[in-house]
Amino acid sequence: MQGIVYKSTGSWYNVKDHSGKMWNARIKGVFKLDEITSSNPIAVGDIVDFEEEHQNEQTVIITHIHDRKNYINRQSPRAKSQQHIIASNIDQSLLIATIKEPRTSQGFIDRFLVACEMYHVPAIILFNKIDLYKDKDVAKFEKMKEVYESIGYQVASISLKQGQNIEPIERLLKNKITLVSGHSGVGKSTFINAVIPDASIRTQNISGWSGKGQHTTTFAEMYELASGGKIIDTPGMKEFGLIGVERQELSGYFPEMKERLNDCQFNNCLHINEPGCAVKQR
Ligand SMILES: Nc1nc2c(ncn2[C@@H]2O[C@H](COP(=O)(O)OP(=O)(O)OP(=O)(O)O)[C@@H](O)[C@H]2O)c(=O)[nH]1
Ligand SMILES: [Mg+2]
Ligand SMILES: [Zn+2]
């Protein structure tokens, strides 16, 4: 039998087969897929083969993972040399960012975008909680919007609390598999509840905001949209560490650097302080 992984807890997986039946699945033994070891061998979005474990139990064993069209990975927070696959086989990613409560740094956004570029996953940056922005926060947002739009990313702003600007984003989700990422507390689950009222995902009410989220969502899970398409909720990330990318190739994943790489004097230029660097000349 074949199915798609809808939820992963690390030891158990929910796998939906072609008829729409959801199975409780697990793996046996060690799955090694590529050179980098993964802290999670199977991720939400994976297409897997499975077989029944025991006749009368509802549990199944995953026997094979189909090649991934793409995936978004990051450094495992627990084991730095391992990768953690956030989700696979996605059409686009929606990075939810916030200027405050909590603040999303430009470095975090950049690293996430590099991971998306590595696997050619289109990314949309969505600034939430605009109801909280004061003038100086609006100015910060405008600046970020200008920077990221100028290099080709789509940037939007919403307030989930006030139900502002949600429809245009909802339209982007139609018939696509969308990964939702961002820091804890930015409103990822609130967003999914807004576009799928039946999802009823638990969200955290912030009282006495400490600046960092408290990780309300603990496992990645995929939900189905009434308009067609699927959306993946993920646990909030504190940091986003890149993995599987060499220093040398990093600039190839920044659209604004990529277009001038060939003009540098040295072809192994890291664009830090080399003479004749076309990227630095900008
Ligand atoms: N002021 C304001 N609060 C919001 C908005 N959107 C979401 N929130 C609140 O932000 C808090 C965190 O929202 P969640 O949806 O749980 O955040 P999350 O990104 O899923 O967090 P994790 O599951 O921990 O990764 C909740 O109290 C939401 O009500 C918004 O537009 N404005
Ligand atoms: Mg959540
Ligand atoms: Zn250079």
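1. Before the zinc spacing makes sense, one definition: donors here are N, O and S atoms within 2.8 Å of the metal. This is a predicted model, so take what follows as a reading of computed coordinates. By that cut-off, the zinc ion (ligand 3) has as its protein donors Cys264 (SG), Cys269 (SG), His271 (ND1) and Cys277 (SG), and these follow the spacing C-x4-C-x1-H-x5-C along the chain.

2. Staying with the zinc ion (ligand 3), the donors lie 2.1 to 2.4 Å from it. What geometry does the site of the zinc ion have? It is tetrahedral, with angles of 101 to 117° among the four donor atoms. If you want to check the call, four donors count as tetrahedral when all angles lie between 85 and 135 degrees.

3. How covered are the zinc donors, buried or exposed? Cysteine 264 has a relative accessible area of 9% and is buried. Cysteine 269 sits at 4%, so it counts as buried too. Histidine 271 is at 11% relative accessibility and therefore also counts as buried.

4. Histidine 271 deserves a second look for its backbone. It has a positive phi of about 60° although it is not a glycine. You'll find this residue in the segment after helix H6 (255–258). So one residue carries both a zinc-donating ND1 atom and a positive phi, and it is buried because its relative accessibility is 11%, under the 20% limit.

5. On to the magnesium ion (ligand 2). Which protein atoms act as its donors? They are Ser189 (OG) and Thr217 (OG1), lying 2.0 to 2.1 Å from the ion. The two come from distant parts of the chain, 28 residues apart: serine 189 belongs to helix H4 (residues 188–195), while threonine 217 is in the loop between H4 and strand S12 (221–224). A caution if you plan to read a coordination number off this: water is not among the atoms, so sites may look incomplete.

6. Both magnesium donors are covered by protein. Serine 189 is at 7% relative accessibility, so it counts as buried. For threonine 217 the value is 15%, which also makes it buried.

7. Ligand 1 has 24 residues around it, of which Asp131, Ser184, Thr190, Gln204 and Thr216 come nearest. By class, that shell holds five nonpolar, 15 polar and four charged residues.

8. Some specific contacts to ligand 1, if you are looking at the pose. Aspartate 131 places a polar side-chain atom 2.7 Å from a nitrogen atom of the ligand. Threonine 190 does it with an oxygen atom of ligand 1 instead, a polar side-chain atom lying 2.5 Å away. Valine 186 uses its backbone: an N or O atom there lies 3.4 Å from an oxygen atom of the ligand. How much of ligand 1 does the protein cover? The figure is 91% of the 660 Å² of accessible area that the ligand has on its own.

9. The loop between strand S8 (92–97) and helix H1 (106–118) contains lysine 100. Its side chain has a polar contact of 3.1 Å with the side chain of aspartate 137. A polar atom of the lysine 100 side chain also lies 3.3 Å from the backbone oxygen of leucine 132. In that loop between S8 and H1 there is proline 102 as well, and the peptide bond leading to it from glutamate 101 is cis, with omega near -5°. Worth checking that your preparation tool keeps the cis bond as modelled.

10. Another positive phi turns up at asparagine 175, about 60° although the residue is not a glycine. Where is asparagine 175? Its place is the loop between helix H3 (166–172) and strand S11 (177–181). Asparagine 175 counts as exposed, because its relative accessibility is 56% and the limit is over 50%.

11. Two remaining spots. Glutamine 92, in strand S8, is buried at 7% relative accessibility, and its side chain joins that of threonine 178 through a polar contact of 3.0 Å. Isoleucine 243 lies in the loop between strand S13 (230–233) and helix H5 (247–250) and counts as buried at 10%. Its C-alpha atom is separated by 7.9 Å from that of serine 81, though the two residues are 162 apart along the chain.

Key
Residues are numbered from 1 along each chain as its sequence is written. Chains are lettered from A and ligands numbered from 1 in the order in which they are written. This is a predicted model: local features need pLDDT of at least 70, side-chain atom pairs count only at pLDDT 80 or more; totals for chains, interfaces and linings use all residues. Side-chain values use heavy atoms; hydrogens and water are left out. Donors are N, O and S atoms within 2.8 Å of the metal (3.2 Å for Na, K and Ca); water is not among the atoms, so sites may look incomplete. Helices (H or I, at least four residues) and strands (E, at least two) are DSSP runs, numbered from the N terminus. Buried means under 20% relative accessible area, exposed over 50%, partly exposed in between (1.4 Å probe, protein chains only). Four donors count as tetrahedral if all angles lie between 85 and 135 degrees; four count as square planar and six as octahedral if opposite donors are over 155 degrees apart and all others between 65 and 115; anything else is irregular. A residue is near a molecule or strand if one of its heavy atoms lies within 4 Å of it. A polar contact is a pair of N or O atoms within 3.5 Å; within protein, one must be able to donate a hydrogen and the other to accept it, and residues adjacent in sequence count only if both atoms are side-chain atoms. Accessible areas come from the Shrake-Rupley method with a 1.4 Å probe; for residues, only the protein chains shown count as cover. Ala, Val, Leu, Ile, Met, Phe, Trp, Tyr, Cys and Pro count as nonpolar, Asp, Glu, Lys and Arg as charged, and the others, Gly among them, as polar.
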